[in-house]
Amino acid sequence: MSARILLLGSGGREHALAWKLAQSPLVNRIYVCPGNGGTASTPKTENVHLPLLAPHYQQLVQFAVQNEIVLVLPGPEEPLVRGIQTCFRKVGIPIFGPTQLAARMEGSKAFAKAFMLRHNIPTAKFRTFSSSQVDEAIEHVRTCNYRVVLKASGLAAGKGVLIPESTDEAVEGLRQIMVANVFGAAGNEVVVEELLEGPEISVLAFSDGYTIIPLPAAQDHKRIGEGDTGLNTGGMGAYAPAPVAAPAIMDRIMQETLRPTIDGMRKEGTFVNHASLKSNIHSCDSGFPFTGPKVLEYNVRFGDPETETLMLLLNDDVDLAAVVLACAEHRLDSVQITGRPGFAVSVVLVSGGYPGEYSKGKRIEIGDISSDVVVFHCGTSLDGDELVTTGGRVLAVSAAAPSLEEALSSVYTAIHKISFEGMAYRRDIAHRRDPRPTVKGLTYEQAGVSVDAGNSLVDAIKPYVRATKRTGSDAEIGGFGGIFDLKAVAYKDPLLVSGTDGVGTKLRIAIETGIHDHVGIDLVAMSVNDLLVQGAEPLYFLDYYGCGKLDVAIASRVIKGIAEGCQQAGCTLIGGETAEMPGMYLNEDYDLAGFAVGVVERELILPRDVVEGDVLLGIASSGLHSNGFSLVRKIVSLSGLTYSSSCPWDAARTLGQNLLEPTRIYIKQVLPVAQKGLIKAMSHITGGGFIDNIPRVLPKGLGCYVDASAWQLPGVFRYLMKEGGVAPLEMARTFNMGIGLVVIVGKDKRDSVLNALREQDSTVPVHEIGQVINTTGVEIRYSECWA
């Protein structure tokens with residue numbers, strides 16, 4: 001193969017890529033548009049002077065066709081965000097870079113943060129505001145109770161980020177971005193993000209959309225001044241591998257960030273064949289990364305100056321041309337990418353005045369540089385035979401060596417042999433290389449667990465727990481176990497019935513919307529309704545609350561909901577467990593589980609004596625209840641709506657509020673009727689819908705039919721069926737379809753039970769929905785009325 005490659009860009013990154021590509025035996029010619037003084041003298045390489053701005057990409061396409069280019073490799077992000085990939089794909093030339101849709105991962109910080117949220121990728125807390133929502137944004141920074149970072153959502157040449165020192169500075173920053181438009185159109189949306197403390201690393205990875213091969217983690221130095229002071233720049237230097245990125249951290253980045261990112265993009269119909277992302281390792285004051293890596297931002301192309309460093313760490317036998325072609329052709333697993341041991345360093349030399357105004361055209365002199373040092377050109381050009389400055393970042397002096405100290409020594413020795421008027425550089429690159437903290441009396445809290453927060457939670461929830469007091473229990477918590485006096489409830493021949501359940505992925509919506517008040521009711525309902533169908537009266541309930549970091553305010557709201565559910569069910573909240581487990585959950589996430597115990601007289605245990613011809617009564621649900629939410633979330637993600645959107649079937653509430661309507665608890669309406677012996681069986685319609693749940697209470701050889709026309713289908717189910725294209729039978733085996741509890745009674749008891757149920761609670765509709773038949777399974781009749 002004699003490949004010709006078109007490389008787009010003019011910086012140090014592009015020179016480093018050309019330098020490595022030129023070593024490939026596959027490559028015959030590299031064209032760099034527009035290139036620089038360094039690429040002009042790189043073997044096999046030629047600069048091309050064509051416009052690299054939309055909408056002039058057609059000239060580049062024509063050049064590529066005429067010169068039989070086999071691969072295009074864009075360096076900077078802007079052409080990718082503007083859709084250059086499509087231009088070359090149309091003429092059959094592969095491009096090493098994402099589609100325009102996928103490039104939104106870098107081109108829109110708001111899109112990227114929403115993507116991370118959808119795919120549970122760890123990142124900082126955030127809110128997004130449009131330029132018309134300046135008042136809402138200001139109110140948020142005044143009330144969010146954490147330091148913020150302000151980010152213009154669009155491309156702002158690496159300068160669209162403000163890190164205010166105070167709330168007043170944050171307010172002024174918002175006005176600068178959203179009113180004064182200091183970042184232009186890039187500030188039409190603003191991401192207000194929690195400031196993360198801790199070391200920052202850049203992880204670049206090759207991917208073909210399936211296989212992922214990360215490169216060593218690099219650490220960039222953005223500030224102009226030593227000690228990370230002064231203004232932000234495009235990057236003053238980098239080194240790799242960063243010691244803070246220990247193998248365990250890199251494993252987590254692969255599993256928690258890289259893999260879900262690539263899989264998520266593929267599932268959403270976008271595609272990227274090279275990913276570069278930045279991950280922030282958030283640590284406590286003593287330096288221990290107890291919460292793990294969090295993504296600051298995505299890049300969808302090679303980073304700069306990380307690329308200058310990482311190219312030196314690829315083994316000599318790594319053919320970069322073969323690698324990028326394999327990515328573009330979805331066969332990355334067919335090539336080998338190996339690294340050399342040791343470290344690499346790049347130190348950037350900049351023009352005087354950078355990152356502010358600076359002069360150009362300054363003559364550059366480069367002396368006799370050691371062979372183990374490579375000088376990559378960032379902002380240079382040839383003026384005749386003379387090399388001159390053309391940019392703020394001028395040169396990236398780079399070297400690799402067995403140790404970091406040797407690499408640094410080689411680079412700084414070489415820098416002393418380079419000069420141009422106004423030359424400046426940082427003398428402390430890699431100053432953050434020692435990740436080891438000074439250990440002085442570690443505490444449990446420094447490991448991420450706050451005993452004080454746990455105690456505060458217990459104090460906060462005691463009034464809610466006391467409100468659930470009933471006969472047999474004093475409803476006091478704080479001991480080692482809850483006590484219930486079974487004799488006090490005066491059952492003659494009691495059987496204990498137990499049940500356990502959770503809330504499932506409905507919790508994800510609660511977490512994303514910040515509505516935590518109802519999921520506790522869901523938790524109780526799922527267990528006590530299961531007791532009810534066996535004829536049992538719920539006696540007591542215990543909960544489990546697991547989280548990565550205990551937020552007392554959120555946990556209190558959840559447990560207040562649990563207590564409310566217990567009151568609705570007539571049982572006592574006898575105890576529970578709150579587990580704060582750093583590293584097991586993302587900081588904002590939590591999970592719930594519940595355990596309920598009830599009692600029933602032996603002679604009233606259900607089901608019993610069900611026969612053909614018995615009648616099915618359906619008691620209305622309050623909505624989705626707590627099942628099928630994985631499908632619900634998938635449909636919502638494809639609909640283009642968010643949980644804050646107006647609800648399509650209930651404009652008075654948001655979509656999130658409607659989906660979080662708590663599960664109905666049927667105890668007070670149904671238990672008195674069951675205790676009179678009027679009911680033969682009951683089925684709680686949870687996961688599996690009618691199809692899987694009703695047969696669980698029918699004798700062998702019997703089935704039933706359900707008449708779908710017997711009740712009005714609630715709007716939420718009609719919306720999900722239409723928006724998701726879900727077939728009626730699939731709906732019936734996933735959702736409750738508006739019937740949360742099925743009661744089976746003899747024909748002779750039908751009217752009396754209907755009247756009794758309606759008298760117990762006239763606000764909850766009860767319908768006759770079917771009969772028991774002599775063939776097995778569940779037959780859904782007239783399901784076409786759901787369409």
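This passage describes the overall dimensions, one sheet, the nonpolar cores and one enclosed helix of a predicted model. Local features are reported at pLDDT of at least 70 and side-chain atom pairs at pLDDT 80 or more, whereas totals for chains, interfaces and linings use all residues. Residues are numbered from 1 along each chain as its sequence is written, and side-chain values use heavy atoms, with hydrogens and water left out.

The protein has 23 helices and 35 strands. These are DSSP runs numbered from the N terminus: helices are H or I with at least four residues, strands E with at least two. The C-alpha atoms fill a box of roughly 105 × 60 × 50 Å along the principal axes. Of the 787 residues, 55% count as buried. Buried means under 20% relative accessible area, exposed over 50%, and partly exposed in between (1.4 Å probe, protein chains only). The accessible surface comes to about 32400 Å². Carbon and sulfur atoms hold 50% of that surface. The areas come from the Shrake-Rupley method with a 1.4 Å probe; for residues, only the protein chains shown count as cover. Contacts are heavy atoms within 4.5 Å. Among contacts with a separation of 6 or more, 76% link residues 24 or more positions apart.

An open sheet of 6 strands runs in the order β31-β33-β28-β34-β32-β35, with mixed pairing. Its edge strands are β31 (681-684) and β35 (777-781), each paired on one side only. The twist averages 25 degrees from one strand to the next. Two strands count as paired if DSSP finds at least two bridges between them. β31 pairs with β33 (residues 739-745) in the antiparallel sense over 4 bridges. Within this pair, A681 has I744 of β33 as its bridge partner. Helix α15 (residues 519-532) packs on the sheet and touches β31 and β33. The direction of α15 makes about 165 degrees with that of β31. Axes are lines fitted to C-alpha atoms, for helices over the stretch in contact; angles run from 0 to 180 degrees between N-to-C directions. Helix α23 (residues 750-760) also packs on the sheet, touching β28 (615-620), β33 and β34 (766-773). Its direction makes about 10 degrees with that of β28.

At the other edge, β32 (residues 703-707) and β35 pair in the parallel sense over 5 bridges. Y705 has E779 of β35 as its bridge partner. Side chains alternate along β35. V778 and I780 point to one face and are buried, while G777, E779 and R781 point to the other and are not.

The largest nonpolar core has 104 residues. Such a core is a set of buried Ala, Val, Leu, Ile, Met, Phe, Trp, Tyr and Cys residues joined through side-chain atoms within 4.5 Å. Those with the most contacts inside it are Y590, L659, M682, F690, I694 and W786. α15 gives the most to this core, with 8 residues. A second, separate core of 46 residues includes L17, F96, F302 and V323.

V323 is also among the buried residues of α11. Helix α11 (residues 320-328) is largely enclosed by the rest of the structure, because 9 of its 9 residues are buried. These residues pack against β1 (3-9), α1 (12-21), β2 (27-34), β4 (71-74), α4 (84-89) and β9 (200-207). D319 caps the N-terminal end of α11, with a side-chain oxygen 3.1 Å from the backbone nitrogen of A321. Just after α11, H330 takes a positive phi of about 60 degrees.

Methods:
A polar contact is a pair of N or O atoms within 3.5 Å; within protein, one must be able to donate a hydrogen and the other to accept it, and residues adjacent in sequence count only if both atoms are side-chain atoms.
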